[in-house]
Amino acid sequence: MKVARIETLFCDAGWRPWIFVKATTEDGAVGWSEVTDSHGSPRGLAGILEDLAPLVVGRDARAVEAIHWDLYRHTRQSPGSVIQKALAAIENALLDLKARGLGVAVHELFGGPTRETVPAYWSHCGTTRARAWAVTGTSKLDSYAAVAALGREVAGSGFGAFKTNIVIPGDEPQVLMPGFGAGGGTMRADAIADALVRLLEAFEEGTKGGARPIVDLNFNLDPEGVIRVARALEPFDLLWLEVDLFDPAALADVRRRVPMPLCSGENLYTARAFRPFLEAGAMDVASVDVIWNGFHQAKKVADMAETFEVSCAPHNYYSHLATAIAAQWCAAIPNVRILEFDVDDVPWRDALAGGWAPELRDGEVVVPSGPGWGIELDEDVLGEHPWP
């Protein structure tokens, strides 16, 4: 089962590209992974994969762990970020190949499923309808009445929780991301807090307590600003507050001072990066990106987190392939909290997955049980949406 080639394929998913890796063996077997990177360097990531492919071609696709460590040693002077995402993409494509060859789901390679369904929350709720409503075919978030209507939709869908961002509805709705633009948001913390209070009040009007909110502050505030915003949001019974900081001690201090559970880690890679955060007691929930870490490396993070009594939730805002990968990871670990799932997305997302879509039962996603990831990509659909 020798690898013949590694290919990177892109498609335009509206406001970002989806990026996939296809591993093909000499006998024509195929394994897939997703490695979407919308905030880094998609072309750079493709270049890294092209550079690493010769180290994989000709090798036994089943030797996944050996290949991973050879690639790690080859790139160890440039750890993390797009390098790790490339390693993860290769690891996940080879795991798909191996599991398909054995006729089992990937989670069976890691001890079999601990569960058949995983609780899920509606992610980027309102966010997508503010920034990408035209490409997703959804209604525009043009008023707080629209936010309340969306809240009713969430409660009626069966989801027990939803996640939103710093969203301001209107004729020209906004998603504030000051941490990714000119300067950070701490100087605007009071205004951000006011905007989030008004947003959550509208959601609460719609959900009537039928779904708990999550607020993702991402990298938009320094610790001082996070604490000020968190205290303003205390009345809303958040499932958690999501915060990204790169200093374990700073995040641990924030966790001690905010009045709700704290989730973080979506931008950390492998157990080496997570360990100091866990040792510092910096998070209640570890957000682990399975397509950026690699399935096995992400499982090692979850196993380590379990020794610190910390639950895990996959960072997942991509295509259905990534959702299938994340759901299988949730099934392979004992300490999963809940699965992130974007309801609003481009209308051809199901077609890209060969007509497959996550099966939802009372707010829970059914873990795919077919061979590999349990999902097939339709390359014809992918080709209909070229990027750039």
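Me: A pocket is an open set of grid points with protein on both sides within 12 Å along at least five of seven lines. In this predicted model, what volume does the largest pocket have?

Reply: About 400 Å³. The residues closest to its centre are His39, Phe180, Asn218, Glu266 and Tyr317, out of 25 that line it.

Me: Which elements supply at least two residues each of that lining?

Reply: Helix H3 (81–102), helix H4 (127–131) and strand E8 (212–218) do. The largest share is from H3, with 3 residues. By residue class, the lining of the largest pocket divides into 9 nonpolar, 9 polar and 7 charged.

Me: How many cavities of 30 Å³ or more are there, and what makes one a cavity?

Reply: The count is 1. The term applies because a 1.4 Å probe fits at the points but cannot get out. The volume of the largest cavity is about 50 Å³.

Me: Which residues line the largest cavity, and how do they divide into nonpolar, polar and charged?

Reply: The lining is made of Phe219, Asp244, Leu245, Phe246, Ser264, Gly265, Asn267, Leu268 and Phe277. That gives 5 nonpolar, 3 polar and 1 charged. Asp counts as charged, and Ser, Gly and Asn go with the polar group.

Me: On to the strands. How do you know that E1 and E2 pair?

Reply: Two strands pair if DSSP finds at least two bridges between them. Strand E1 (residues 3–12) and strand E2 (residues 17–25) have 9 bridges, in the antiparallel sense, so they pass that cut-off. Arg5 stands opposite Thr24 in E2. The hairpin has 4 residues between the strands, and Gly14 takes a positive phi near 100° there.

Me: What makes E2 and E3 a pair?

Reply: They have 5 bridges, again in the antiparallel sense, and at least two are needed. Phe20 faces Glu34 of E3 across this pairing. In this hairpin, which also has 4 residues between the strands, the positive phi belongs to Gly28, near 90°.

Me: Why is strand E3 called largely enclosed?

Reply: Because 4 of the 5 residues of E3 (residues 30–34) are buried. Each of those has under 20% relative accessible area.

Me: Now the helices. How do you know that the span of H6 is close to the one expected?

Reply: H6 (residues 144–157) has 14 residues, and its C-alpha span from first to last is 20 Å, close to the expected 20 Å at 1.5 Å a residue. Just after H6 comes Gly158, with a positive phi of about 100°.

Me: Which residues of H6 are buried, and what do they pack against?

Reply: Tyr144, Ala146, Val147, Ala148, Leu150, Gly151 and Val154 are buried. They pack against strand E4 (117–123), H4, strand E5 (161–164), strand E6 (167–168) and helix H7 (189–207).

Me: What span does H7 reach, and what is expected?

Reply: H7 has 19 residues and reaches 26 Å, close to the expected 27 Å. Its buried residues include Ile192, Leu196, Leu199, Leu200 and Phe203. Among the elements that cover them are H6, E8 and helix H8 (223–232). Lys208 follows H7, with a positive phi near 50°.

Me: Last, some loop residues. Why does His107 count as buried?

Reply: His107 has 4% relative accessibility, and buried means under 20%, so His107 counts as buried. His107 sits in the loop between H3 and E4. Beyond its neighbours within four places in sequence, His107 is in contact with Gly112, Pro113, Gln328, Ala331, Ala332, Val367 and Pro368.

Me: Why does Gly58 count as partly exposed?

Reply: Its relative accessibility is 36%, and partly exposed lies between the 20% and 50% cut-offs. Gly58 is in the loop between helix H1 (42–52) and helix H2 (64–74). Not counting residues up to four places away in sequence, Gly58 touches Lys2 and Val3.

Me: What makes Gly281 partly exposed?

Reply: Gly281 is at 26% relative accessibility, which puts Gly281 between those cut-offs too. Gly281 lies in the loop between helix H10 (270–279) and strand E11 (285–288). Residues up to four places away in sequence aside, Gly281 touches Ala252 and Arg255.

Technical notes
Residues numbered from 1 in each chain as written. Predicted model: local features only at pLDDT ≥ 70, side-chain atom pairs only at ≥ 80, totals over all residues. Heavy atoms only, no water. 1 Å grid on protein atoms, 1.4 Å probe; cavity = no way out; pocket = protein on both sides within 12 Å on 5 of 7 lines; lining within 4 Å. Points joined across faces, edges and corners; volume = space filled by probe spheres on them. Expected span 1.5 Å × (residues − 1). Buried < 20%, exposed > 50% of the residue type's maximum accessible area, 1.4 Å probe, protein only. Contact = heavy atoms within 4.5 Å.
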